[in-house]
Amino acid sequence: MAARVLVIGNGGREHTLAWKLAQSRHVKQVLVAPGNAGTADSGKISNTAISVSDHSALAQFCKEEDIEFVVVGPEAPLAAGIVGDLAAAGVRCFGPTAQAAQLESSKRFAKEFMDRHGIPTARWRAFTEPEEARGFILSADFPALVVKASGLAAGKGVIVAESREEACRAVQEIMQDKAFGAAGETIVIEELLEGEEVSCLCFTDGRTVAPMPPAQDHKRLLEGDRGPNTGGMGAYCPAPQVSKDLLLKIKNAILQRTVDGMQQEGTPYTGVLYAGVMLTRDGPKVLEFNCRFGDPECQVILPLLKSDLYEVIQSTLDGLLCAAPPLWLENRAAITVVMASQGYPGDYAKGVEVAGIAEAQALGLEVFQAGTALKDGKVVTSGGRVLTVTAIRDTLVAALEGAKQGLAAIKFEGAVYRKDIGSRAIAFLQQPRGLTYKDSGVDIAAGNLLVKKIKPLAKATSRPGCDVDLGGFAGLFDLKAAGFKDPLLVSGTDGVGTKLKIAQQCNQHGTIGQDLVAMCVNDILAQGAEPLFFLDYFSCGKLDVGTAAAVVAGIAEACRKAGCALLGGETAEMPDMYPPGEYDLAGFAVGAVERDQQLPRLESIAEGDVVIGIASSGLHSNGFSLVRKIVAKSSLQYSSPAPHGCGDQTLGDLLLTPTRIYSQSLLPVLRSGHVKALAHITGGGLLENIPRVLPPRCGVELDARAWRVPPIFSWLQQEGRLSEEEMARTFNCGVGAALVVSEDLAEPVLRDVRQHQEEAWLIGRVVACPEGSPRVRVRHLLDALQLSGPVVQNGCTHTPSSAPEKARVAVLISGTGSNLQALIDSTREPSSAAHIVVVVSNKAAVAGLDRAARAGIPTRVLNHKLYKSRVEFDTAIDQVLAEFSADIVCLAGFMRILSGPFVRKWNGRMLNVHPSLLPSFKGADAHEQALAAGVAVTGCTVHFVAEDVDAGRIILQEAVPVRRGDTVQWLLSRPRPETRRFLLGRFLTNRVVTSRAGGAPGTWMCCLQGSRKFTCSRPCSGSSSSFRIPSTVSQTTHQTPRRPSPLFWPTASLGGSTAVTSAGSGLPHRPSSGAVGRWSGEFTDVKPRPGLGRS
């Protein structure tokens, strides 16, 4: 593959972008509009004269020149809406939309946005009247010395004053003297921040943020940071002032929060996000946002990019940045120095000849041209900043020396440049510094900030006996004030285990605190104790205050639910003990029970007592090492939809369902005196925990059919092929706690438990257990697990539920998605037996993706040009289908030929709509063929996809007339939209049944359900069941998918060799034969018999 790309702009930044793109093996040509002398004719790079302000003409140019994508360098075209206009015309464009680019084009918008989303920035006010602005400067309770034009001013619209009087003069200059034109009609006045200023950029696809190495720009014209402000006189990268930990903090608190905020506000941000950041004593704060690469930062950042820039941009446009984050060169540094015209940033001469560029390049330097032009074959100056000399070396010191050699080699009259670029960084690296505790990785200030955040949360858990006030050396609890007379203290400690790994991977920290509290208070409840207070231990390698606060907030809320006080805790920041982003938790609960109410009452437990099971909320917090192993081996990810029958949440959300807290609901039951023992079903499952509350020589027999087993346990058992014993020894299997009571009190206790809003069942009884025998026997566990998942009744597979499960449909598109819209509309109808779970496109920025987004359907973009072969591309599609657990694939204008292995895998489960009455007029130009043949009738066909193009079995057809004078466009409009919607949606909107042929497991068939009755005779049982059968039955079969779909029908023989006629088309169609058992009967217009799983 050899792509052509277009870069918009004419500066050093654009020369650098073109230079880096030209290094890609995927790129055959880089066009630059309008470009400069450096991009005029340099290998793969050349200039083009196309206007970049006429977006319609530019879009047409891109189509005619087969441009793969457009990269926008400067800010002005972004603010003018070039991205949206090109995307609307079907041209991919790298950069944010005009709405998203307001982060740069309007300083006021950016400041208001940062305030809304808690992004740290300087205090500020915006003004449209100069007098009000001056009054604010003179009266503000902070140094209001930074005056900014709110609009775009080519990077020069900021004046940093040294006094309030100078700031007032800046207001006059910007607002009244119009120094920056219309950009200064609104101004922003900011607090003057003190610290080191750095440039922190990232790639983002609207969700994922991939930071670039931090850089530092030098704005002042002269050495020592003196002279007027400029667009930038040089830069270096990486900036050593920004440690890895600090960069992670900037990413999370600024870059990611900005991208998330734009997504939340309905304006997704895609492209490069640039945050100018001041490193203050209070932490990093945003000075401004730019919506593109900085210039000259681009000239030092991109040379350090190890990855292919073309591939990074494609991943960004496709929304796949998380799967392929960019890589950067290690232990390398870059410095670039700008050579400017004499008089810059004021008036300067043009047309001055530039010499020595080749000599500088011969020294191993990169020369990126900016304000240059070609005149009589020679390079001459045409702008203020003429070029940049970039050196890439092992150290900043070596890079600065290299850049100086290049500056000496390049000559033009009046050249102005600085020789101290990077000197502050070099001084920073060379200065002797005494170590601090923070240097070792422990941030006491962050710890204090965390305490400040969680203090009110802990205070809210105060209860009789304890008034919580964090900060002391220890906490106090008054047992007498809590109402106890002769108490025993009960303590317990626990953790959450590797469930933490899933919470951290899913970036969901708010519920894990309840798991911690529940594991501890449920343990002490087994002694009959009321939880009084709780202590937590949070340990990490690097403290992230936001994450820790979210965890502790969850702990505090769980303490409130349990009725105990969050009396205190410990936060341990231990550098090098944990990988970045990871943490561990431990909890400690103390409770009390009156001496005569403690549990278990071992002496009273006897053979014949019954066991009451209390429902769990799911997995609780045990067995997650095994759970994670099963998920890793499955086709699902934590972001995938939950398995069949487990609800509409993601798998990660399902697994993170918090552990149920039983203290408030069960304490009244325990205090009734009717309960002999309570077992918390925690680590060790049913087999290990119930014996802990039984006397010797006693055991229990449980019947798993007596309680409701959540479907997640069925999925784990089937996916992991776990034995019955492994399930019972590892998981709670739906029983979070077990009570032992006398048989005569079982019903009253059961009623009491249910009145306290707990789901409970009689699940077994106490039996004599000789020494050496298993103390817990669980009968029918595998049967119960099967019943909680898909089950077979009367030959029909179904899930026990009030509503039938809908088939999961994936739609593949390449363009506008008009057929996709028909599917969306039809699957929204109440009668639909399917729903669309994902839309996959091989092209980005097509209208079909917008249709899916408006309908709330997840989308994925897989650019086929990035894959080496058709099979590799199809494998990527198959991975997406597995992620979303798709049952059916519909091709809706998908303009790629699928590989044989993919078609065979999805045989009988993949549909296409073709614009002719197949088998006539196959291929992409069906309408042209129909007109050329002079037929009187054409139409549409829905058919199964086969390896040969348009050769799969026909499901539905709709005929339309061809009239004299018809054109292709007229035929495209017929069938009418409502007819096409009917045709496309009919397969999915009619009710369907899922069935398996008796004796022929593993063979399923996809079919349309019609409105007829069919009787199935099964020799093995002698019984018959009634079904509605398809109008057209396909002969295509395939192997059983991972889980049965409601759109699968068994291969069957309908009356031996009897032909079945499609009610929709009148076309004869012979059903398949050869299934075990015999399907026979006649068609009658009656409704299906009740009681079937899916009728």
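This report walks through one sheet of a predicted model and the helices that pack on it.

## Ground rules

Because this is a predicted model, local features need pLDDT of at least 70 and side-chain atom pairs count only at pLDDT 80 or more, while totals for chains, interfaces and linings use all residues. Residues are numbered from 1 along each chain as its sequence is written, and side-chain values use heavy atoms, with hydrogens and water left out.

## The sheet as a whole

Let's start with the layout: 6 strands form an open sheet in the order β29-β31-β28-β32-β30-β33, with mixed pairing. Strands (E, at least two residues) and helices (H or I, at least four) are DSSP runs numbered from the N terminus, and two strands pair if DSSP finds at least two bridges between them. β29 (675-680) and β33 each have a single partner strand, so one side of each lacks a neighbour in the sheet. From one strand to the next, the twist averages 25°.

## Around β30

Strand β30 (residues 698-703) runs antiparallel to β32 (residues 760-768), joined by 5 bridges; here glutamate 701 has arginine 765 as its bridge partner. With β33 (residues 776-779), β30 runs parallel over 4 bridges, and leucine 702 partners valine 778.

## The β29 edge and the helices

At the β29 edge, 5 bridges link β29 to β31 (residues 735-741) in the antiparallel sense, with histidine 680 opposite alanine 737.

Helix α21 (residues 663-671) packs on the sheet, touching β28 (610-615), β29 and β31; contact means heavy atoms within 4.5 Å. The direction of α21 makes about 155° with that of β29. Helix α25 (residues 746-755) also packs on the sheet, touching β28, β29, β31 and β32, at about 145° to the direction of β32. Axes are lines fitted to C-alpha atoms, for helices over the stretch in contact, and angles run from 0 to 180 degrees between N-to-C directions.
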